[in-house]
Amino acid sequence: MGAPTANNKKKKLRYADPATFLPHFAWKKSPRGKAVFAEGVTLDEAAKKTGTPVYLYSQAAIHDAFRELDHGLAGIPHTLCFAIKSNGNRALLQMLAAMGGGFDAVSGGEIELLRRAGVPGQRIVFSGVGKSREEIREALRYPASGKNGRPGILLFNVESEAEMDVLLAEAACVVRHPSDAPAVSIRVNPDVQAGGHPHISTGHHQHKFGMDLAAARRLYLAHRDSRHIRWEGISAHIGSQVLSLAPFRKALQRMAAFVRDLRGEGIFLRYLDFGGGLGVRYTDQKPPSRADYAHMVREIVRPLGVHLLLEPGRSIVAQAGVLLTRVLYVKENRGKTFVIVYAAMNDLMRPALYGAVHAITPVTRAKGAASATLRRVDIVGPVCETGDCFLHDWPLPPVQSGDVLAIWCAGAYGMSLASNYNMRLRAPELLVSGKRAKLIRRRETYNDLFRADCNLG
Ligand code: LLP
């Protein structure tokens with residue numbers, strides 16, 4: 001974070017207020033001064049009504065992000081398969097499904113969630129470096145939708161020869177006719193450097209993901225005539241929070257050459273799944289726009305005549321969500337000010353896990369309040385770990401117990417990474433649409449917390 005010390009008053013207190021650059025969030029006039037709105041709802045009121053911590057999402061922001069990518073790909077056949085791992089709220093998934101979205105699942109649990117949300121199997125791709133035999137079996141038997149549908153999912157993205165053996169064995173148990181054979185792709189590792197943080201870059205040869213092109217080629221050829229699977233695709237995902245187009249372009253060009261090479265061998269792939277990874281602006285990052293990213297992808301993919309699949313997560317939901325928390329206490333320790341909030345690292349892991357900077361601001365401003373009274377504070381949660389700190393030396397106007405703060409850009413990998421650490425209840429989630437805030441996940445209760453426990457003896 002590299003912020004100056006708390007008392008360095010000469011240093012400019014500078015940060016961009018996310019309410020000034022995030023679509024569908026804005027400061028507007030309110031009866032007592034100014035308040036941050038998500039669409040037509042004030043964050044302060046929503047937080048006070050539901051209690052905090054609470055995640056709040058703007059439906060319009062999600063909708064617009066999805067549409068921007070979608071429109072950018074107009075003219076080529078494509079499906080946007082939202083990466084559930086970034087936000088697994090069932091209502092959000094239903095909303096994306098209603099917009100024509102598909103889904104990228106990485107576990108049996110995510111596939112079960114899609115089944116419960118009523119998503120047809122033909123909109124699901126199954127990724128992941130370690131799918132278990134049981135998970136593969138379940139996915140092969142994913143219930144058919146409609147009368148003429150067949151069981152199963154759109155695409156298995158296989159990541160190793162050993163996994164392929166399991167898939168072949170399991171497919172042999174269900175495939176009665178070659179036309180029932182599951183559609184399979186190999187996740188290749190295009191060997192490019194990309195990704196915002198060492199933990200989230202995946203597309204270099206030293207990472208655990210995918211297969212190198214030579215090994216993938218051998219595997220495609222070895223099962224060219226299989227009766228139990230059909231080669232239908234190729235996939236890749238080079239990393240997450242990628243902030244330039246160059247690594248995407250390089251990886252995509254390598255995949256396109258590979259697809260052509262396979263055609264020479266008589267293997268005609270229908271799908272090219274290019275994963276997710278487009279970065280977003282949290283504070284001062286300058287990612288390519290979704291439209292520019294989509295145009296670049298479209299231009300490389302169009303001549304191939306394949307159906308494009310993308311697996312965006314963060315670029316659809318990150319900026320659409322805030323985590324709202326109330327201030328519990330403010331305390332001074334030898335000149336350092338700590339603002340103790342009720343949200344904690346169990347609610348939003350990204351700062352503790354990746355050193356990620358999520359801007360924090362108040363959500364109301366009283367009439368006539370001077371904006372020059374910022375001071376540097378540490379904003380910390382109540383969990384018993386020093387790492388439970390959202391921001392160090394962050395410029396904040398004076399706040400007091402009960403005030404509501406917004407922790408910004410928390411829509412992706414916020415709630416989905418939340419845990420019950422310190423026996424804390426996971427937060428509820430609200431979806432704002434116009435002037436309405438709808439509860440789309442309730443706050444957990446102590447019964448939820450302890451329902452799987454067993455007594456001794
Ligand atoms: N497809 C695959 C195969 C992936 O592994 C991922 C993310 C995605 C799609 C979606 O990527 P996105 O568009 O969201 O960048 N917890 C970390 C991010 C981990 C990403 C893992 N894979 C964070 O909070 O930054």
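Helix H6 (residues 161–174) is covered, at its buried residues, by elements that include helix H5 (133–140), strand S8 (155–158), strand S9 (183–187), helix H7 (213–222) and strand S10 (230–235). The model is predicted, with local features needing pLDDT of at least 70 and side-chain atom pairs pLDDT 80 or more, while totals for chains, interfaces and linings use all residues. Residues are numbered from 1 along each chain as its sequence is written, and side-chain values use heavy atoms, without hydrogens and water. Helices (H or I, at least four residues) and strands (E, at least two) are DSSP runs numbered from the N terminus. The buried residues of H6 (under 20% relative accessible area, 1.4 Å probe, protein chains only) are Glu163, Met164, Leu167, Leu168, Glu170 and Ala171.

Turning to the ligand, 17 residues surround it, of which Ser240, Glu311, Arg350, Tyr354 and Tyr413 come nearest; a residue is counted here if one of its heavy atoms lies within 4 Å. Polar contacts are pairs of N or O atoms within 3.5 Å. A polar side-chain atom of Arg350 is 2.6 Å from a ligand oxygen, and a polar backbone atom of Gly313 is 2.9 Å from an oxygen atom of the ligand. Asp104 places a polar side-chain atom 3.3 Å from a ligand nitrogen.

Ser86 sits in the loop between strand S5 (78–83) and helix H3 (90–98). Ser86 counts as buried because its relative accessibility is 0%. Its side chain reaches the backbone oxygen of Ala83 at 2.8 Å. Beyond neighbours within four places in sequence, the contacts of Ser86 include Gly313 and Tyr413, contact meaning heavy atoms within 4.5 Å.

Notes. Buried < 20%, exposed > 50% of the residue type's maximum accessible area, 1.4 Å probe, protein only. Polar contact = N/O pair within 3.5 Å; in protein donor to acceptor, adjacent residues only side chain to side chain.
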